[in-house]
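Here is a walk through one protein model, from charged pairs to sheets and covered helices. Keep the structure open while you read.

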Amino acid sequence: MAAQGGSQVPQTLDAAAVRSWCSLALDALGREREEIDAINVYPVADGDTGTNLYLTVESAAQAVEAVFAAYETGTGGAAGPAPGDAVRAMAHGALIGARGNSGTILAQLLRGMAEVLAREEPADTAGGGGDHLAEALRRAAELAREAVAHPVEGTILSVASAAADAAETAAAVAAQAAGAGAGAPGGAVARAAHAGARAALDATPGQLAVLGRAGVVDAGGRGLLAVLGALVRALTGVAPAAFPAGHRRPGEPVACTDTGGDAGTDATGPAFEVIYLLEADDHAVARLRERLDGLGDSLVVVGGDGLWNVHVHVDDAGAAVEAGVEAGRPYRIRITHFGPAHSGPARSGATAGPPPEQVQRAVVAVVPGEGLAGLCAEAGATTVLARPGEPPASGELVEAIRRAHAREVVLLPNDAALRHTAAAAAEQARTEGVRVALIPTRAAVQGIAALAVHQPDRRFDEDVVAMTTAAGATRYAELTVAERQSWTMAGICQAGDVLGLIEGDVAVIGADLAGTAESVLDRMLAAGGELVTLVLGEDVPDTLADRLERYVREGHLAVDTVVYRGGRQSVPLLVGVE
C-alpha cells in the first residue's frame, strides 16, 4: 500500500505519529472486528474479542484527540503536543475504556510502551527511535505478563513477547551495521516487530490445545497484529501484508504441545465476566489480586498510580464487586452473563469448536449501584451501571446488548430519564438483527420486579407482557436529601431536608431518613400492596432496614419486605411496593 497522502512519514513516534497510529489501528480493527470475533475461542468462546479490542482502541484514540483538541484551543503554538503527552493519553484512554480480557491486556501493553516512550530522551531517540521503540515493546510485554494472574502461552502474551524479541534483534543488528552512536530507524524496528508477531501468531494453535482443536489462531494475538500493522504504517507510510482472511487455518489438524490449560479454556467455566475501574493503592490491589484469584479465572489487573482496570471471570459476580469495594472505589462496573453454554464445572475431555450460537434470549438492565449490578447479574441479566451524574449513553446500551449475545433482548432502562436513550439503543440493535423489546421501567425496583418474573423458556411476547405487567404493578419511591431551599409539590424544603419522592414527585418532606421513609411507606401502602422492596445505599445502616421491616410488619400484617444493598447509588434509599 502506498504512503498515506503525500506528506513526509515520520520514522519516530512523535505526537502526530501517535495520533496517526491510533487512527490507523482503529480503522484496522474496524475492518477485522468480525473476523476476530469469529475466531474467539479462548478463554471463553463468546465471540467478542474483536469488538472489545475495537472499543479499547476507540477509547485510546478519543483520549489522544482530546489532547490535540485541548492544545489547539490553548496557546501552545504550532509545534503541537509533546510526544509524551500523546502516548500517555493513548495509554490512559485504553485503560479507562478497556473491554474484555484481550482489551485489558492491550491497555497494559500500551501502558508499558508509554512508560518508555514518554521518558525524556536525547533528541535523536525521543518519541520512539528504533532503540527506544524496541525498549518500549519489551517493557510492554513484561508489564502485560505481570498483569495476568496465570499467563498462558499461545495467546496475545506470546505474540507480544515475540514482537519485542524481533524488535530488539532488529535494533541490535541495525546499530551494529551503522556503527557506534547510531540508532536504528523506528520504521525498520516496527516492521521487524510486526513480522515476529505474525510468526508467533501463526504458531499459537500449536501452543494452546483449544486453538488447535478449533483450527484457529489466537483472537487476541490477531488483534495485536492489527495494532502493530497500524504502527508500521504510521511510521513508514506502507501497510504490511494483510493476515489471510478466513478464520480457520488451512491444512491438517494441528499437533498441540499444550495438554490442558485453564479450566476456562473449554466451553464451560465461570458464569460471569466482571470488569470495573478501581481507585486504590498498590497494597490494596495486591490483596485484591489474591482474593479474585481464589474466586475465578482469567484474572487481569492493569494500570497503576492509583487507577486500575480489573477483569475476572467468576461464578459469584457480587463477591467480585464486593472485593473491589473493600480494596478501594470501583466504578464503571460491567457484569456480563456468559449464558448456560459457558457456566458450570468444567467437563473432563470437553472440546472447543467454533464460537457457540447466540442464546435465544437475554435481559439488559441499567442499575444505579454495584450491589444491584451483582444481584441482576446473578439473575442472568447483562448490566450497565448508571453512575451518579453520569447516565449511560445509547452506545453503552448498544454495547451491552451486543455483549448479551442473544437473538432476543429485553431492555430495562430503569430510569424515566433514559427513555429516549434506551429507545435509540434498541433501534440500533434492531438494525443489527437483534429482536429488542424495550420495557419502560422508570426505577430500579420496577426492573427487579420485571426480572423476577422473567422466564426465557416461554414465548418472547408472553415473557415481555409478564415482565411489563410486573413492572407496571410496582409503585416506586426514592428518598434523597435536599441540596438547597426549593419549592416542591409538598411545600417548601430547606437544604438538608429529607425528601420522599413517590412516582417522581415530592410527596413528603422530613427531618430524618427513617421518619420520612415511614411516611412514604404509609402513603404507598394505603392503596394496598403485597411486597415492599427496600434498596439501601452504601452509607445507610442496617438498623434502618430493621426498623422499616418492623414498621411494615406491625402495620400491614399481610405485606412482606425484602432488603437489598445497592452499594454506591445516587440516593440513600429506593422503595418499591408491588
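Is Glu135 buried, partly exposed or exposed? This is a predicted model, and every value below is computed from it. Glu135 has a relative accessibility of 36%. That lies between the cut-offs of 20% and 50%, so Glu135 counts as partly exposed.

Glu135 has a charged partner. Its side chain meets that of Arg119 in a salt bridge, at 2.8 Å from N to O. Glu135 sits in helix H5 (residues 130-147), while Arg119 belongs to the loop between H4 and H5, so the pair ties together parts that are 16 residues apart in sequence. Arg119 counts as partly exposed, at 35% relative accessibility.

Side chains of opposite charge can pair when their charged atoms come close. How many salt bridges does a search of the whole structure find? The search finds 29. One of them joins the side chains of Arg33 and Glu34, at 3.8 Å from N to O. Arg33 is partly exposed, with a relative accessible area of 28%. Glu34 is at 58%, and so counts as exposed.

Another salt bridge pairs Arg291 with Glu326, whose closest N and O atoms are 2.6 Å apart. This pair links distant parts of the chain. Arg291 is in helix H10 (residues 282-295), Glu326 is in helix H11 (residues 317-327), and 35 residues separate them. Arg291 counts as partly exposed at 33% relative accessibility. Glu326 reaches 55%, and therefore counts as exposed.

Salt bridges can also share partners. Arg361, Glu408, Arg435, Arg458, Arg459, Asp461, Glu462 and Asp463 are joined in this way into one network.

Turn now to the sheets. Strands of a sheet pair through backbone hydrogen bonds, either parallel or antiparallel. One open sheet has eight strands, in the order S2-S3-S1-S4-S6-S5-S7-S8, and its pairing is mixed. Its edges are strand S2 (296-304) and strand S8 (435-438), each of which pairs on one side only. On average, neighbouring strands here are turned by 15° against each other, direction ignored.

Look inside this sheet at strand S1 (residues 272-279) and strand S4 (residues 329-337). They pair in the antiparallel sense, over seven bridges. Glu279 stands opposite Arg329 in S4.

A helix lies across part of the eight-stranded sheet. Helix H16 (residues 460-472) crosses strand S5 (359-367), strand S7 (406-412) and S8. H16 runs at about 10° to S7.

The other open sheet to visit has six strands. Their order is S13-S12-S9-S16-S14-S15, again with mixed pairing. Which strands form the edges? They are strand S13 (505-510) and strand S15 (560-567), and each pairs on one side only. The twist averages 20° from one strand to the next.

Strand S9 (residues 475-481) and strand S12 (residues 498-502) run antiparallel, joined by five bridges. Val481 stands opposite Val498 in S12.

Helix H18 (residues 542-555) lies across strand S14 (531-537), S15 and strand S16 (573-577). H18 runs at about 160° to S15.

Next, go to what is covered. How many of the nine residues of helix H15 are buried? Eight are, so by the cut-off of under 20% relative accessible area the helix is mostly covered. H15 spans residues 444-452. Its buried residues are Ala444, Val445, Gln446, Gly447, Ile448, Ala449, Ala450 and Leu451.

Ser102 is another buried residue, because its relative accessibility is 11%. Ser102 is found in helix H4 (residues 100-117). What does Ser102 touch beyond its neighbours within four places in sequence? The contacts are Thr49, Leu53, Ile156 and Gly220.

Finish on the surface. Trp487, Met489 and Ile492 form a nonpolar patch there. Together they have about 430 Å² of accessible area. Met489 is in the loop between strand S10 (486-488) and strand S11 (491-493). With a relative accessible area of 62%, Met489 is exposed.

Definitions and conventions
Residues numbered from 1 in each chain as written. Predicted model: local features only at pLDDT ≥ 70, side-chain atom pairs only at ≥ 80, totals over all residues. Heavy atoms only, no water. Pairing = 2+ DSSP bridges. Helix = DSSP H or I, 4+ residues; strand = E, 2+ residues; numbered from the N terminus. Axes fitted to C-alpha atoms, helices over the stretch in contact; angles between N-to-C directions. Contact = heavy atoms within 4.5 Å. Buried < 20%, exposed > 50% of the residue type's maximum accessible area, 1.4 Å probe, protein only. Salt bridge = Lys/Arg side-chain N within 4 Å of Asp/Glu carboxyl O. Patch = residues over 30% accessible without salt bridge, like charges linked within 9 Å, V, L, I, M, F, W, Y side chains within 5 Å. Areas by Shrake-Rupley, 256 points an atom, 1.4 Å probe, with all protein chains shown as cover.
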